Amino acid sequence: MTADRHALLDQFVAAWHARDLDAVAAMFAPDFCYEAASFRMASAEAMVAMARAIWIGTPDEHVELITVTVEGDRLAAEVRTTATHRGDLTIGDVTLPATGRRLDIMSVWVMTFAGDRIARWNEYGSIKQWAEQMGATVTIVPAERG
């Protein structure tokens with residue numbers, strides 16, 4: 001029998017707040033996939049690397065679960081994330097130098113579980129707002145046709 005999904009989410013958030021990479025990685029299923037508005041990570045290793053980058057860039061990041069709804073192997077959570085951009089944040093080939101700015105972002109997490117592990121994590125929120133709160137300018141450029 002699998003553990004309650006809400007309890008698993010609480011366990012994940014506790015590991016995230018403790019900055020425990022091993023515990024965070026252990027929560028992901030072997031075929032884990034994370035998807036946000038503008039990028040996708042198809043492995044637990046990539047997600048752990050992103051967690052490390054986030055904790056360097058925003059070492060005081062705090063996740064608050066506002067509401068959580070569970071149905072079977074899926075859950076949806078309204079999430080408020082607050083932090084201070086104290087370190088350089090590098091994700092992929094983009095680095096946002098530390099600005100000291102406060103971040104306050106709302107998002108929705110939809111997670112699908114495989115047994116007691118997170119198999120899929122979709123995060124819905126404004127990447128543009130997140131980057132702009134750190135002092136970045138976000139420009140949308142049409143793709144070249146051809």
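In this predicted model, R19 is placed in the loop between helix α1 and helix α2 (21-26). The phi angle of R19 is positive, at about 60°, although R19 is not a glycine. Most residues other than glycine have a negative phi. The relative accessible area of R19 is 23%, so this residue counts as partly exposed, the class that lies between under 20% for buried and over 50% for exposed.

The strands β2, β1, β8, β7, β4 and β3 follow one another in this order in an open sheet of 6 strands with mixed pairing. The edges of the sheet are formed by β2 (40-41) and β3 (62-71), each of which pairs on one side only. Between β1 (residues 28-35) and β8 (residues 117-125) the pairing is parallel and extends over 4 bridges. Within β8, N122 is the residue opposite E35.

Two helices lie across strands of this sheet. Helix α1 (residues 5-17) crosses β1, β3, β4 (74-84), β7 (102-114) and β8, and runs at about 165° to β3. Helix α3 (residues 44-57) lies across β1, β2, β4 and β8, with an angle of about 55° to β1.

The largest nonpolar core comprises 36 residues, and F12 and W121 have the most contacts inside it. At least two residues of this core come from each of α1, β1, α3, β4, β7 and β8. The greatest contribution is that of α3, which supplies 7 residues. When neighbours within four places in sequence are left aside, W121 is in contact with F12, F28, F32, C33, Y34, E35, M47, W109, V110 and M111. F12, one of these partners of W121, thus appears beside W121 in the account of the core as well. E35, also in contact with W121, is the residue that stands opposite N122.

The largest pocket holds about 720 Å³ of space. It is lined by 35 residues, of which F39, I91, I127, W130 and A131 are the closest to its centre. Two or more lining residues are given by each of α3, β4, β5 (89-91), β6 (94-96), β7, β8 and α4 (127-133). Strand β7 gives the most to this lining, with 5 residues. Several elements recur in both descriptions: α3, β4, β7 and β8 supply residues to the largest nonpolar core and also to the lining of the largest pocket.

Technical notes: Residues numbered from 1 in each chain as written. Predicted model: local features only at pLDDT ≥ 70, side-chain atom pairs only at ≥ 80, totals over all residues. Heavy atoms only, no water. Pairing = 2+ DSSP bridges. Contact = heavy atoms within 4.5 Å. Axes fitted to C-alpha atoms, helices over the stretch in contact; angles between N-to-C directions. Core = buried A, V, L, I, M, F, W, Y, C linked by side-chain atoms within 4.5 Å. Buried < 20%, exposed > 50% of the residue type's maximum accessible area, 1.4 Å probe, protein only. 1 Å grid on protein atoms, 1.4 Å probe; cavity = no way out; pocket = protein on both sides within 12 Å on 5 of 7 lines; lining within 4 Å. Points joined across faces, edges and corners; volume = space filled by probe spheres on them.
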